[in-house]
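Got the viewer open and the cartoon switched on? Here's a walk through the model, one selection after another.

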There are 2 protein chains.
Amino acid sequence: MMKYYLMAPGPSMIPERILLEMSKPIIHHRTKAFESVIEIVRGQLKSVFQTKNDIVVLASVGSGGMEAALVNCFSAGDKVIAVNGGKFGERWSTQARKFGLNVVDLEVPWGEAVQIEKFSEVLAKNSDAKGVLCQACETSTGVSHPVQEMGEILKKKPSTLFLVDAITALGISDIKTDLWGLDVVVTGSQKAFMLPPGLAMVSMSDKAWAFNEKAGLPRFYFDFKEELKNLQKNQTHFTPAISLLQGLKIALEMMHEETLPKLFNRHKRLAYATREAMKAIGLELFSKSPADSITAVLSPPGIDGEKLVNLLSSKYNVTIIGGQDHVKGKIFRLGHMGYCGDFDVISLVAATEMALADLGYKNQVGEAAAKATEILHKGLI
Amino acid sequence: MMKYYLMAPGPSMIPERILLEMSKPIIHHRTKAFESVIEIVRGQLKSVFQTKNDIVVLASVGSGGMEAALVNCFSAGDKVIAVNGGKFGERWSTQARKFGLNVVDLEVPWGEAVQIEKFSEVLAKNSDAKGVLCQACETSTGVSHPVQEMGEILKKKPSTLFLVDAITALGISDIKTDLWGLDVVVTGSQKAFMLPPGLAMVSMSDKAWAFNEKAGLPRFYFDFKEELKNLQKNQTHFTPAISLLQGLKIALEMMHEETLPKLFNRHKRLAYATREAMKAIGLELFSKSPADSITAVLSPPGIDGEKLVNLLSSKYNVTIIGGQDHVKGKIFRLGHMGYCGDFDVISLVAATEMALADLGYKNQVGEAAAKATEILHKGLI
């Protein structure tokens, strides 16, 4: 009788209220009942995205949304700058290359955020770039990139779009899409939105829609213009992922019941408590610019991060995730987003310190839990 | 207290057993637990597809699978013959054109199946065609196309692939993928597989995999080779639609518990009973070559098919669907696939005859139900 804790970088835990909604008998999508679901979702998504524009919802996971963003904005041969500081930066860069874009990689060491000076320099050298691709949160490293500052710079460049992968950031941190000049913002269903994976959501600024008119890359399944046309009638171009959209309606209800300021503040507190708890037992954070959604921690010397992940799963029934590629075994990543509260984080850091001690790390078991508890009780940020 | 009957051309009804499975707390996809789900699904999908090859499972609806089939097999400029006898034939043709394929439309009047003589003729005239696109069942018209005979012809043409949209046919009718020479077979989750929409499944023959090596169309999200590489390790390239795959495991279990011969026979019986019930009250079928999954019926003179659809929904809580495009109002479509038994079909035809009488059609209410009951009791085909 060990309760299961899913504390990974996504998918995140699904509230019972959403699971129950999605387990109702399915309805047909070409009906008034389903149109009213879309109508509500449309309005409420705009407030979470902090945009006046409609959000295109696709039946695909986040990587499909990233591809959709590219094919709806560009033509083969267009130059784009890709901030590449982790697995997902690399993915977007590769994806853009596969579609014939001329990609300038702005390489950033894993664990670091892109520097604004460096970014401005690369942008100045490539003033013909039609777009900049960047993660709001790089999920593989737990790094938060300065998309607000980048947006302010790109706002002044009418011929360059700013495309942001906010899959592990939107609905967690205060991302002001319109105000910051984020032209295309992509997210998925399985992080802040507390749903199973299977939906991608993409916002497009007026500037992005103007690019869309000239974008020559081939598209049909991911054609935003067709989706928008249907969306304006509270419909979808293809059969939608009906049950996920019904779940999304409840997720948005829950997010708005909490209110967005409180939701952002909760994630900040949880992230802060997690970081301080890890530091309290002598661990070092991997990210120099940590995100509010996940915390990447360096495995202490002599302890294999993968072994920690496996032990947490087998002995404590807690799922966290290790590092990818060249940081595999060197880091572990703790998720604290979506349907996640103070006591989940206390449990998470307690389980982590228990498993570390089991593996021979010399920590005083209880210190991490004590630190998280102390911080969360105070409500400090 | 009116029970809800979803008797549409898809989505179909979802069994409680699947709904309950999918409403369990979500698990992470990079775990042994999830890999064992994929392993089981992989094996069991092969038997439903009747192929020795692996089935690629994508987080998208069927139209994404149709697009994936194209971009994985062809290069811009390749000639393909598209059987175009309804909304979905038209969709695949348009989709192919959007990706720069040279599409020869083999136009077929709505309601009719493609004639083998006509097909052979077009094929002879276009011997350089790299592919043929055809629906096993054209969902907009309820027509079953002769994909077995077409497959036999195309087997002899090593430079032409046969791509089959079996979204409303696979797992319903006895489609012998390998034996018939169906190189690419596409299906979705919301018909025979009794799941919400959100998964596309695609089989590829060895011949299709050889085409894949040379296919030049850009792809990343829909890259079959990457998916296959991951599948062979019981994993997926991107985050999969986890809960749908867990549901799929149960759906396949149910299909195999029934056994495929009985499942195909059940759908044949249900379709036959539906057709005879409609004829018993003087109605005419729209399809000259009716499918086992859905039945398209001509609305009787003076009765608007859309009004019938709306009345069935508002008064009887039964969802059927009308016609699309130029047959809107002229036909209505009854679904009898997936989680659908004898008494569902009796209820469906009973509701239909009640609603027709309400709309002023001169039928003896009860005749359709009697006919269906009589046929289903005998177990005739």
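Select β11 and β14 of chain A, the latter covering residues 331-335: in this predicted model the two strands pair antiparallel over five bridges. For a specific cross-strand pair, pick A:V297, which stands opposite A:F332 in β14(A).

Now add β13(A) to the selection. You're looking at an open, antiparallel sheet of three strands, in the order β11-β14-β13. Which strands of chain A sit at the edges? They are β11 (294-298) and β13 (321-322), each pairing on one side only. Next, show helix α11, residues 260-280 of chain A, which packs on this sheet and touches β11 and β14. Look along the helix and compare directions: α11(A) makes an angle of about 10° with β11(A).

**Zoom out to the domains**

Colour chain A in two pieces: residues 16-257 for domain 1 and 259-378 for domain 2. Put a pseudoatom at each C-alpha centre and the distance between the two should read 28 Å. How many residues of chain A are in contact across the domains? On the domain 1 side there are 22, meeting 23 from domain 2. To see where the domain 1 side comes from, highlight β7 (143-144) and α10 (242-258) of chain A, each of which supplies at least two of its residues. Colour that side by residue class and you get nine nonpolar, nine polar and four charged residues.

**Bring in chain B**

Turn on both chains. Superposing chain A on chain B takes a turn of 180° with a shift of 0.0 Å along the axis, and the RMSD comes out at 0.0 Å. The two copies are therefore related as by a two-fold rotation axis. Want a landmark for that axis? Go to A:S60: its C-alpha, at 2.4 Å, comes closest to the axis among the residues of chain A.

Now select the interface, where 43 residues of chain A are in contact with 43 of chain B. On the chain A side, light up α1 (16-22), α3 (62-73), α4 (87-98) and α10, the elements that give two or more residues each. Which of them gives the most? That's α3(A), with four residues. You've already met α10(A) on the domain 1 side that touches domain 2, and here α10(A) turns up again on the side that touches chain B. By class, this side of chain A holds 25 nonpolar, 14 polar and four charged residues. Do the copies meet through the same surface or through different ones? 100% of chain A's interface residues are also interface residues in chain B, so the surface is the same.

**Last stop: a covered strand in chain B**

Select β5 of chain B, residues 131-135. Is this strand mostly covered or mostly open? Mostly covered: five of its five residues are buried. In a regular strand, side chains alternate between the two faces of the sheet. Check each face in turn: B:G131, B:L133 and B:Q135 lie on one side, B:V132 and B:C134 on the other, and all are buried.

Finally, show the neighbours of β5(B). Strand β3 (residues 79-84) of chain B runs parallel to β5(B), joined by three bridges, and there B:I81 stands opposite B:V132. Strand β8 (residues 161-165) of chain B is also parallel to β5(B), with five bridges between them. To finish, pick B:L133 and its bridge partner in β8(B), B:L163.

Definitions and conventions
Residues are numbered from 1 along each chain as its sequence is written. Chains are lettered from A and ligands numbered from 1 in the order in which they are written. This is a predicted model: local features need pLDDT of at least 70, side-chain atom pairs count only at pLDDT 80 or more; totals for chains, interfaces and linings use all residues. Two strands pair if DSSP finds at least two bridges between them. Two residues are in contact if their C-beta atoms, placed from the backbone, lie within 7 Å. Axes are lines fitted to C-alpha atoms, for helices over the stretch in contact, and angles run from 0 to 180 degrees between N-to-C directions. Copies are superposed by least squares on the C-alpha atoms of residues with pLDDT of at least 70 in both. Domain bounds come from an automatic or database domain assignment. Ala, Val, Leu, Ile, Met, Phe, Trp, Tyr, Cys and Pro count as nonpolar, Asp, Glu, Lys and Arg as charged, and the others, Gly among them, as polar. A residue is buried if 20 or more other C-beta atoms lie within 10 Å of its own, exposed if 12 or fewer, and partly exposed in between; C-beta atoms are placed from the backbone.
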